[in-house]
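Biologist: Before I trust any of the words used for this assembly, I would like to know what stands behind them. Please go through them with me.

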Amino acid sequence: MAVSWQLGDIAARLGGRVIGDAGTRVEAVATLEHAGPQHISFLTNSKYRAQLAATAAAAVILGEDDADATSLPRIISENPYAYFAKVSGLLNPLPSVPAGIHPSAVVAADADIHPSASIAATAVIGARARIGAESIVGEGCVVGEGTRIGSRARLYPNVTIYHGCVIGDDFIAHSGVVIGSDGFGFAMEAGRWIKIPQVGRVVIGNDVEVGANTTIDRGALDDTVIEDGVKLDNQIQIAHNVRIGAHTAIAGCVGIAGSASIGRYCRIGGSAGILGHLQIADHVEISSFTLIGKSIREAGSYSGIYPFSPNDDWRRNAVHLRHLDGMAKRLKALEKQIEILKEDNSEGEAR
Amino acid sequence: MAVSWQLGDIAARLGGRVIGDAGTRVEAVATLEHAGPQHISFLTNSKYRAQLAATAAAAVILGEDDADATSLPRIISENPYAYFAKVSGLLNPLPSVPAGIHPSAVVAADADIHPSASIAATAVIGARARIGAESIVGEGCVVGEGTRIGSRARLYPNVTIYHGCVIGDDFIAHSGVVIGSDGFGFAMEAGRWIKIPQVGRVVIGNDVEVGANTTIDRGALDDTVIEDGVKLDNQIQIAHNVRIGAHTAIAGCVGIAGSASIGRYCRIGGSAGILGHLQIADHVEISSFTLIGKSIREAGSYSGIYPFSPNDDWRRNAVHLRHLDGMAKRLKALEKQIEILKEDNSEGEAR
Amino acid sequence: MAVSWQLGDIAARLGGRVIGDAGTRVEAVATLEHAGPQHISFLTNSKYRAQLAATAAAAVILGEDDADATSLPRIISENPYAYFAKVSGLLNPLPSVPAGIHPSAVVAADADIHPSASIAATAVIGARARIGAESIVGEGCVVGEGTRIGSRARLYPNVTIYHGCVIGDDFIAHSGVVIGSDGFGFAMEAGRWIKIPQVGRVVIGNDVEVGANTTIDRGALDDTVIEDGVKLDNQIQIAHNVRIGAHTAIAGCVGIAGSASIGRYCRIGGSAGILGHLQIADHVEISSFTLIGKSIREAGSYSGIYPFSPNDDWRRNAVHLRHLDGMAKRLKALEKQIEILKEDNSEGEAR
């Protein structure tokens, strides 16, 4: 089961410079702390050099600055963390899944399934749907009518994609993902909500990954758009008509309200929120637990987190938040009174 | 595929007053900005009149105040947004789904499936469950023993409804919805949690919609109740024994803790929370990201959001939140001292 | 359908002391308020004694301090809430599910399914997976290759467990749960995210319950670990390499970021968050809606919640949060000026 690679072969494949025995064999990646003699490990931050000294790894991946920090066989890379990611990919190839349609899958007669694709047990593919080359549709997945999925996609079990969506190549969706559900749109009339049909689509670019139980609603009239290279963690909610710019990464439990437009290369922390119709510039970082309540026009890092304390401290302090405006006014009044007193005194002295 | 309607026929069906050529044909709805000559668009806010002037739509829906704001063929309605919702419904009829039970579905012999209902591939219907007229149960859905669902329900794929629940007419549940899972109830004894059986049901009224991956737990002893016309967005968590009043709308990612009781016609913003056992009056609006920590007895709008800033500003300001009580006390002390100084001065002057 | 028990038989089974007619028969549990003559109810808090006086229950469960608070037949227990939980378990036995594999289930030839286990319709069990004695795998569940699940597990419908995970005895997973999905790990290189293979597992101890739509990611290199007796509510997100100590209970919608380590017997409120790589001591309580942004070394209760108010009050007060640092500085300046004025005055008086 274990694949073994020589350092020299790894470097031939992925680049980087080998120092020490290029014939050293490694089977798996591990942290410096837990590595054994079959492992290759990595150092991405010089502050862990002590762990490097103590590691039992057979080899390590290091940046240029740490090139001489060990006598172990090593590969030197400009970006040791990305290099480690690729080595791990080499050593952990995805299990090959046989092409073809499982007999228990239910595939519409006019669905277009590439012969190299794999449709697992109990999956259901709707009319006129298209599944590209080498794509894998897991057990219990449902792909709606007319939805098109590119090549090398991987839908883990129990993913649901509604009708009429368009998804690029190299897509990964984890279990429980829902794509193309109706956006939340209603008009109030005479005390009742009238449903607004959600007739847009979800359009997803290439190289996108979507974490478990994340939901992406279809557009109301226009489309919801996820651009190339976007990475979404688990349990994220993307409302109708949102646009997420290329290569933006969003951590778990974030909610993005309708028609918000997020830039490229943004990073959004866990459980953050973005209100509807806002614009977020490229290269914006948003901290966990922060609600963005107005548009952000400039790259940078933004936060809005209430700091935690022991309960009693929190209670004693938080009670004043309902009186901050009063405090501000009293402060201003004091400043005025002080000025008067100072004048009085200097007049007094002058007398 | 495109259904086309004349304005006059729309008004005959939905009411409203046509101005201009009642024979104008429209096929689809679109925003003013994106509409073309096959589209009907709408204006719900006079501030977008500039878009109205520029639109390529064939016709528009307007309120009385904007009746003369264009020379395009138009329908005038008291509530143009609700009118648009209904027109969109006319122009986007739901695809008809053939009645009957797919051969791959697994339906208990004593389940009561209306002949006009549709049970899709791989769906499972438990013993004694009842599915009403014209209801559609999607692929991969599971309906538990004895659960009753009314007429014209639509369960999108991969919805799970546990045993013994009761659901009204015109119900919509999006994919990944779970209804009737156990509430979170345990008693601690000798260092271990003892599970409290959750023996209540979930009871849902008519005309309720539930968004993707939303969860509604069954009651512990009594029932969890969702009244008529309630609209729930995606990824909402409704705990055991909660009651949600009729026509209340709740945005995505909200959590409502056990036994909370929400009034009628409330609107709750995304990622808000409501603690257990609280009462919320009718017509209450709660902002996104706000935790409601005590009951609200009066209609109105309520917020509790920490404002965001650039990181450095946030950090510089937030550090004082742990010392607010001290600041309040120092402010009070200053006020006292000023009083003393003022008295001293006036005495000094009087001397 | 109703099982009926005499008080004496209950006490013989569960302990506790009967006062009054031990032959009193009860069929079900109910709250004091809703109980009828077939019910046994319970009082866990003396402040509800008025309800005890008014109840129509046939019998009640009381603590020692309330032993004489009623003349109804009663069982006295040191821990009436835990006792009630057990009585409810007696009166609400889980419906027995026939052992065996449903013909529509898809089970790998080399999966190891205990003969007393039950695999429901449309479930899929992967190669070399193991399902223990008396375990129940619900409809639409997918258990990945090589995953091992202990005895008496109950997977409700549409649960997904990825390959290679290890789960103990008496496990309960509610619908929509995803276990073993990839952690959120990427390295940025030349403007693109490189996926870091997630090769750890999820390892879950005995007596763990996981609520609907909760997600637990597999470890990146090492494992994600959930210890014995942990109780997770709905819609919780547990990231890769998290460890949750034994008997910790976590309420709905909580997010725990990667490599965080939570102690034993902690209680975490709804929608709280814990940032990555933090350590939380044993016996820590965290309030709802609180973000823990640094490690907690001592047992205790911690909060960080922004209090809510009517909108106008909130707005008027919250605006000052962006100027708190300025307020603090002005306060300090005032204190200095007051000191100077006081000195001046006392000098003045001394003159």
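Modeller: Two residues count as in contact if their C-beta atoms, placed from the backbone, lie within 7 Å. Keep in mind that this is a predicted model.

Biologist: How many residues does the contact take from chain A and from chain C?

Modeller: By that cut-off, chain A gives 62 residues and chain C gives 60 residues. On the side of chain A that touches chain C, at least two residues each come from helix H3 (80-91), strand S40 (309-310), helix H4 (311-318) and helix H5 (324-350) of chain A. H5(A) has the largest share of that side, with 11 residues.

Biologist: What makes up the side of chain A that touches chain C, by class?

Modeller: That side holds 27 nonpolar, 27 polar and 8 charged residues. For this count, Asp, Glu, Lys and Arg are the charged ones.

Biologist: What joins S40(A) to strand S39 of chain C, and why is that called a pairing?

Modeller: Two strands pair if DSSP finds at least two bridges between them. S40(A) and strand S39 (residues 300-303) of chain C are joined by 2 bridges and run antiparallel, so they meet the cut-off and count as paired. In this pairing, Pro310(A) stands opposite Tyr302(C).

Biologist: What does the contact between chain B and chain A take from each chain?

Modeller: It takes 63 residues from chain B and 60 residues from chain A. On the side of chain B that touches chain A, H5(B) supplies the largest share, 11 residues. By class, that side of chain B has 27 nonpolar, 27 polar and 9 charged residues. Here, too, strands cross the boundary: strand S39 (residues 300-303) of chain A and S40(B) run antiparallel and are joined by 2 bridges. Ser303(A) stands opposite Ser309(B) there.

Biologist: How do you know that chain A and chain C are related by a rotation?

Modeller: A turn of 120°, with 0.0 Å of shift along the axis, superposes chain A on chain C with an RMSD of 0.0 Å. The two copies are therefore related as by a three-fold rotation axis. Chain B can likewise be laid on chain A by a turn of 120° and a shift of 0.0 Å along the axis, with an RMSD of 0.0 Å.

Biologist: What makes the sheet of 9 strands in chain B open, and which strands stand at its edges?

Modeller: Its order is S10-S13-S16-S19-S24-S27-S30-S33-S36, with parallel pairing. Strands S10 (112-113) and S36 (279-280) of chain B stand at the edges with a single partner strand each, so one side of each has no neighbour in the sheet. Within the sheet, strand S24 (residues 202-204) and strand S27 (residues 224-226) of chain B pair over 3 bridges. Ile204(B) stands opposite Ile226(B) in that pair.

Biologist: What forms the hairpin in chain B?

Modeller: S22(B) and S23(B) form it, with 2 residues between them. The two strands, residues 186-189 and residues 192-195 of chain B, run antiparallel and are joined by 4 bridges. Glu189(B) stands opposite Arg192(B), and Met188(B) has Trp193(B) as its bridge partner. In the turn, Ala190(B) has a positive phi of about 50°.

Biologist: Why is a positive phi worth pointing out?

Modeller: Because most residues other than glycine have a negative phi. Ser271(B), with phi near 60°, is another case, and so is Tyr265(C), at about 55°.

Biologist: Why is Ser271(B) called buried or exposed?

Modeller: A residue is buried if 20 or more other C-beta atoms lie within 10 Å of its own. Ser271(B) has 30, so it is buried. Its place is the loop between strands S34 (267-268) and S35 (273-274) of chain B.

Biologist: What does Tyr265(C) count as, and why?

Modeller: The exposed class ends at 12 or fewer neighbours, and the range between 12 and 20 is partly exposed. Tyr265(C) has 17 C-beta neighbours inside 10 Å, so it counts as partly exposed. Tyr265(C) lies in the loop between strands S33 (261-262) and S34 (267-268) of chain C.

Note on methods
Residues numbered from 1 in each chain as written. Chains lettered and ligands numbered in written order. Predicted model: local features only at pLDDT ≥ 70, side-chain atom pairs only at ≥ 80, totals over all residues. Least-squares fit on C-alpha atoms with pLDDT ≥ 70 in both.
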